[in-house]
Amino acid sequence: MKRRDFVKTSLAATTALSISPWLRSNAPEAAPAVVSGSGDDPHTTTLAVIAAMGGMKTFISKGDVVMLKPNIGWNRKVEQAACTNPEVLRALAETALDAGAKKVIVMDRPCHKAEDTYSRSGIEEMARKLGLDVRHTDDNRLVMHDFKGEYLQQWPVYRDFLEVDKFINVPILKHHGSAELTIAMKNLYGILGGRRGKLHRNMGGNIADLAHGFTSHLVVVDAWRILLRNGPVGGRLSDVEEKKTVIASTNILEADTIAAELFGRIPAEVPFIRAAHELGMGRMDPAAISVKRVAA
């Protein structure tokens, strides 16, 4: 049964706005290798990383509805490194369509006005040129999801993120004033409705519970430009550093671990990475993770 069919069945069976939790992926427990690519162009580098992961057909089946979940949270230009690079997303959308995806959706819950963030980031223009389904959040489409966590249990989620076959998590690597860093696990805040500020208490545990209770089939970290300070919103070009790197994995913790190391942090000292490791989600020691490095 495809995930969107499972969700529809669950919704029809309940009289309240609630939804049965997703079953975890059937992927082997042994974490796959992380791929880290570098080059002179974010689009071609992303293509090289996906090829090194085995190609998009490894993750996407013909007829799949695919969700691309970037960070489109802020009214910032691509050079300011607050939102996911549209060229990274373009490579993922193109390869997903080539792999037979029926539809590719691009969606986030921004902090600034959505019409501004989608436009100024360059993501909306890119997505519409490819014929992607560009969506804004609609609170009428919120349903309760049980993350079954120690800190995060029932919380409203936009059903758009549930009614898909494959979910590709595409964060940008940057500083975050509360979480210390924002990478793939923190990027999942964008699937949530409600007052997300409540989750800032015990934030590391909440982020880990969020990632543990919601499957990302593929994680692709945009580390082309990283925001070193004053995140997550940024604004000053002096806070941005070019790393010209794209990182991918099917293991969200290990993708975040390698990205945190690239940022210059000791991953075990980042609260949500440590909390995810304690949940058994993977390794947080970069030396213990096999990283395949490719050049575009």
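Two strands count as paired if DSSP finds at least two bridges between them. Keep that cut-off at hand for these exercises, which all use a predicted model.

**Exercise 1. Decide whether β6 and β7 pair, and find where M144 meets its partner.**

Step 1: Locate the strands. Strand β6 covers residues 142-146 and strand β7 covers residues 154-158.

Step 2: Count the bridges. There are 5 between β6 and β7, and the two strands run antiparallel. Because two bridges are enough, β6 and β7 pair.

Step 3: Pick out one bridge. M144 has P156 of β7 as its bridge partner.

Step 4: Look at the surroundings. Of the 5 residues of β6, 4 are buried, so the strand is largely enclosed by the rest of the structure.

**Exercise 2. Work out which strands pair with β12 through 4 bridges and through 8 bridges.**

Step 1: Begin with β2, residues 34-38. This strand pairs with β12 (residues 240-249) in the antiparallel sense over 4 bridges. Within the pairing, V35 stands opposite A248.

Step 2: Turn to β11, residues 218-227. Here 8 bridges make the link to β12, again with an antiparallel run. I226 has E241 as its bridge partner.

Step 3: Follow the chain through the loop between β11 and β12, where both N230 and P232 are found. A useful reminder: most residues other than glycine have a negative phi, and most peptide bonds are trans. N230 has a positive phi of about 60° although it is not a glycine, and the bond joining G231 and P232 is cis, with omega about 15°.

Step 4: Check the exposure of N230. Its relative accessible area is 40%, so N230 is partly exposed.

**Exercise 3. Describe how helices α8 and α9 cross and which residues make the contact.**

Step 1: Take the geometry. The axes of α8 (residues 252-263) and α9 (residues 271-278) come within 10 Å and cross at roughly 145°.

Step 2: Add the hand, which is left-handed for this crossing.

Step 3: List the residues. From α8 come L253, D256, T257 and A260, and from α9 come F272, I273, A276 and H277.

Step 4: Sort the contact by character. It divides into 5 nonpolar, 2 polar and 1 charged.

**Exercise 4. Are the loop residues L132, G190 and A81 buried or exposed, and what do L132 and G190 touch?**

Step 1: Apply the cut-off for burial, under 20% relative accessible area. L132 has 7% relative accessibility, so it is buried. G190, at 4%, is therefore buried. A81, at 0%, is buried too.

Step 2: Place L132 in the loop between α5 and β5. Setting aside residues up to four places away in sequence, L132 touches A93, L97, V104, V106, M126 and A127. L132 and I105 are 27 residues apart along the chain, with their C-alpha atoms 5.9 Å apart.

Step 3: Place G190 in the loop between α6 and α7. Beyond its neighbours within four places in sequence, G190 is in contact with K69, D108, R109, F161 and R196. From G190 to Y158 there are 32 residues in sequence and 9.2 Å between C-alpha atoms.

Step 4: Place A81 in the loop between β3 and α3. A81 has a positive phi of about 60° although it is not a glycine.

**Exercise 5. Step back and summarise the chain.**

Step 1: Count the secondary structure, which comes to 9 helices and 13 strands.

Step 2: Gauge the burial: 56% of the 296 residues count as buried.

Step 3: Consider the contacts with a separation of 6 or more. Residues 24 or more positions apart account for 73% of them.

Terms used: Residues numbered from 1 in each chain as written. Predicted model: local features only at pLDDT ≥ 70, side-chain atom pairs only at ≥ 80, totals over all residues. Heavy atoms only, no water. Axes fitted to C-alpha atoms, helices over the stretch in contact; angles between N-to-C directions. Left-handed = near helix turned anticlockwise from the far one by under 90°. Contact = heavy atoms within 4.5 Å. Nonpolar A, V, L, I, M, F, W, Y, C, P; charged D, E, K, R; others polar. Buried < 20%, exposed > 50% of the residue type's maximum accessible area, 1.4 Å probe, protein only.
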